[in-house]
Amino acid sequence: MSPDNTGEQQGCRFEKGRSGNPRGRPLGGEAEKLTRKCIELAMDGDTVALRLCLERIYPARKDRPVTFPLPPITSPRDAADIAAAVANAVAAGNLTPTEAVEFGKVIEIYVRAYQVAELDDRVARVEELSDEELTRIIRNGSGESTPPRLLTIGPG
């Protein structure tokens, strides 16, 4: 890039801090008149105008309700089985790939919630253990008086 093409070398078309359109964008333009005309046409029976108005009032659904039984998820294995059932439903033509993706999101959210709840239950059980029980678990019933070393550095 030559110095002639840089902004520092060229003069600016507009002064800094001053708009190139001092009056600004026109407010609304003819939108209000067009909207009123479309409503009038719709009220007079123009079906295209009527459809346009109704689409704005009550937009068409982008998806359809899908009935697909989801069994309870009580383990990660259940989630895998449900994912396989969704894939089979796509293969059979009962679900579209897009619907399967949405089901996948539901399954993923459900599994995450299940995992968080399960982890919370585990933490609560560990917090209820006494120091003696924790020490016994660490020793794993080996009868040692001190917990085993996990890492040995240098000669033993």
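Leu54 is partly exposed, with a relative accessible area of 46%, and this residue makes a convenient starting point for a walk through the predicted model. Leu54 sits in helix 2, which runs over residues 47–57. Together with Leu50, Ile57 and Tyr58, Leu54 forms a nonpolar patch on the surface. The four residues of this patch have about 470 Å² of accessible area together.

With that first landmark in place, the overall layout can be introduced. The protein contains 5 helices and 0 strands, so that its pattern along the sequence reads α-α-α-α-α. It has 156 residues, of which 10% count as buried. The exposed surface of the protein comes to about 13900 Å², and carbon and sulfur atoms supply 57% of that area. Among contacts in the protein with a separation of 6 or more, 35% join residues that are 24 or more positions apart.

Attention turns next to the interior. The largest nonpolar core has 10 residues, namely Ile73, Ala79, Ile82, Val86, Ala89, Leu95, Ala100, Phe103, Ile107 and Val111. Two helices each supply at least two residues of this core: helix 3, spanning 76–91, and helix 4, spanning 97–128. Ile73, one of the core residues, gives a good view of the surroundings. Leaving aside residues up to four places away in sequence, Ile73 touches Asp78, Ala79, Ile82, Ile107, Tyr110, Val111 and Tyr114. Of these neighbours, Ala79, Ile82, Ile107 and Val111 are also listed in the core.

Helix 4 deserves a closer look. It is made of 32 residues and reaches 46 Å from its first C-alpha to its last, close to the 46 Å expected at 1.5 Å a residue. Its buried residues are Glu99, Ala100, Phe103, Ile107 and Val111, and the buried residues of helix 4 pack against helix 3. Ala100, Phe103, Ile107 and Val111 have already appeared as members of the nonpolar core.

Glu99, also found in helix 4, invites a question of its own: why does Glu99 count as buried? The reason is its relative accessibility of 13%, since buried means under 20% relative accessible area. Not counting residues up to four places away in sequence, Glu99 touches Arg64, Val66 and Asn94.

Charged side chains also pair up in the model, and a search of the whole structure finds 6 salt bridges. One of them joins Glu30 to Lys33, with the closest N and O atoms 3.7 Å apart. The two partners fall into separate classes of accessibility: Glu30 is partly exposed, at a relative accessible area of 47%, whereas Lys33 is exposed, at 61%.

Another salt bridge lies in helix 2, the helix that also holds Leu54. Here Glu55 pairs with Arg51, and the closest N and O atoms are 3.5 Å apart. Because Glu55 and Arg51 are 4 residues apart in helix 2, about one helical turn separates them. Glu55 is partly exposed, with a relative accessible area of 36%. This pair belongs to a wider arrangement, as Arg51, Glu55 and Arg56 are linked in a network of salt bridges.

A comparable spacing is found in helix 3, where the side chains of Asp81 and Arg77 meet in a salt bridge with an N to O distance of 3.8 Å. Asp81 and Arg77 are 4 residues apart in helix 3 and therefore separated by about one helical turn. Asp81 counts as partly exposed at 40% relative accessibility, while Arg77 is exposed, with a relative accessible area of 54%.

The last stop is helix 1, which covers residues 31–43 and includes Leu41. Is Leu41 buried or partly exposed? With a relative accessible area of 33%, Leu41 is partly exposed. Leu41 touches Asp46 and Ala49, when residues up to four places away in sequence are not counted. Leu41 and Cys53 are 12 residues apart along the chain, and their C-alpha atoms are separated by 9.9 Å.

Key:
Residues numbered from 1 in each chain as written. Predicted model: local features only at pLDDT ≥ 70, side-chain atom pairs only at ≥ 80, totals over all residues. Heavy atoms only, no water. Core = buried A, V, L, I, M, F, W, Y, C linked by side-chain atoms within 4.5 Å. Buried < 20%, exposed > 50% of the residue type's maximum accessible area, 1.4 Å probe, protein only. Contact = heavy atoms within 4.5 Å. Patch = residues over 30% accessible without salt bridge, like charges linked within 9 Å, V, L, I, M, F, W, Y side chains within 5 Å. Areas by Shrake-Rupley, 256 points an atom, 1.4 Å probe, with all protein chains shown as cover. Expected span 1.5 Å × (residues − 1).
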